[in-house]
Amino acid sequence: MKVNDAISGLLFVLLAGAIYYVTRNFPIMPGQDYGAAFFPRTIATFMAILGALLMIRGIREREAGPVAEPFEWMRSPGLVANFLLVVGALIFYIAVSDRLGFVITAFITLYALLFWLRGRRFWLSSLAISVVSVIVLQQFFGQFLRVPLPWGVLEAYAW
């Protein structure tokens, strides 16, 4: 969605304020002139300054167009459904991956997305792509890079 720069700038200023607030209790390092809050607060300061500049620009240009305007793809129910499916798949993965494990959850997520986006006609190749992709990802991240992917119900079969 296209929004006026004043709204984007306001969001940046609010986010900068939140970062500044969250870092208020970060410890100061003994013997140092700065502590753990130094870099986040430096970034937050620049975010606030640039956000304020965006707000000024947005206020100056507010007559050039509407405050917010949806993108063209947002007018298509099919494309909105695709977007919502991807968001739902991410939420599903986050919600159940610890219980089911990476292999099962990633397979279900990937197969559902491929089945929906490629169509029913390609169900067998979507199945094959899902199986091979999950095995490759498990091997690459779990074995090669040593990322602790959850095994869930397959804990007894972990390799």
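Ala, Val, Leu, Ile, Met, Phe, Trp, Tyr, Cys and Pro count here as nonpolar, Asp, Glu, Lys and Arg as charged, and the others, Gly among them, as polar. By that scheme, the lining of the second largest pocket divides into 9 nonpolar residues, 1 polar and no charged. The model is predicted.

**Two pockets**

The second largest pocket holds about 150 Å³ of space. Its lining consists of Val86, Ala89, Leu90, Tyr93, Phe102, Ala106, Thr109, Leu110, Leu113 and Leu137. Helices H3 (77–100) and H4 are the elements that give two or more residues to this lining. H4 supplies the largest share, 5 residues.

The largest pocket holds about 200 Å³. It has 13 lining residues, and Val3, Asn4, Asp5, Glu61 and Pro66 lie nearest its centre. Strand S1 (2–3), helix H2 (38–60) and strand S2 (68–69) each contribute at least two residues to the lining. Its classes read 4 nonpolar, 3 polar and 6 charged.

| Pocket | Volume | Lining by class |
|---|---|---|
| Largest | about 200 Å³ | 4 nonpolar, 3 polar, 6 charged |
| Second largest | about 150 Å³ | 9 nonpolar, 1 polar, no charged |

**The nonpolar core**

Which residues make up the largest nonpolar core? There are 6: Phe102, Val103, Ala106, Val134, Leu149 and Trp151. Helix H4 (residues 102–118) gives the most, with 3 residues. Phe102 and Ala106 belong to this core, and both also line the second largest pocket.

Trp151 is a core member with contacts beyond its sequence neighbours. Leaving aside residues within four places in sequence, Trp151 touches Leu100, Gly101, Val103, Gln138, Ala158 and Trp159. Of these partners, Val103 is itself listed in the core.

**Annotated spans**

The UniProt record, an unreviewed entry, places the feature "transmembrane region" at residues 34–56, 77–94, 100–117 and 122–141. Two of these spans can be described from the model. Residues 77–94 are 100% helix and 0% strand, with end C-alpha atoms 26 Å apart. Residues 122–141 are 95% helix and 0% strand, and their end C-alpha atoms lie 28 Å apart.

**Single residues**

Is Ser97 buried or exposed? Ser97 sits in helix H3. It counts as buried because its relative accessibility is 7%, and the cut-off for buried is under 20%. Outside its neighbours within four places in sequence, Ser97 is in contact with Phe92, Phe102, Thr105 and Pro150. One of these partners, Phe102, is a core residue and lines the second largest pocket.

Phe46 gives the opposite reading. It is placed in helix H2. Its relative accessible area is 51%, so Phe46 is exposed; the cut-off for exposed is over 50%. Phe46 and Val136 are 90 residues apart in sequence, and their C-alpha atoms are 41 Å apart in space. Val136 falls within the annotated span 122–141.

Arg146 stands out by its backbone. Most residues other than glycine have a negative phi. Phi of Arg146 is near 60°, a positive value in a residue other than glycine. Arg146 lies in the segment after helix H5 (123–144). With a relative accessible area of 64%, Arg146 is exposed.

Conventions
Residues are numbered from 1 along each chain as its sequence is written. This is a predicted model: local features need pLDDT of at least 70, side-chain atom pairs count only at pLDDT 80 or more; totals for chains, interfaces and linings use all residues. Side-chain values use heavy atoms; hydrogens and water are left out. A nonpolar core is a set of buried Ala, Val, Leu, Ile, Met, Phe, Trp, Tyr and Cys residues joined through side-chain atoms within 4.5 Å. Buried means under 20% relative accessible area, exposed over 50%, partly exposed in between (1.4 Å probe, protein chains only). Helices (H or I, at least four residues) and strands (E, at least two) are DSSP runs, numbered from the N terminus. Contact means heavy atoms within 4.5 Å. UniProt positions are given in the numbering used here, feature names are shortened, and annotations may be inferred rather than shown by experiment. On a 1 Å grid over the protein atoms alone, a cavity is a set of points where a 1.4 Å probe fits but cannot get out, and a pocket is an open set with protein on both sides within 12 Å along at least five of seven lines; lining residues have an atom within 4 Å of a point. Grid points are joined across faces, edges and corners, and a volume is the space filled by probe spheres set on the points.
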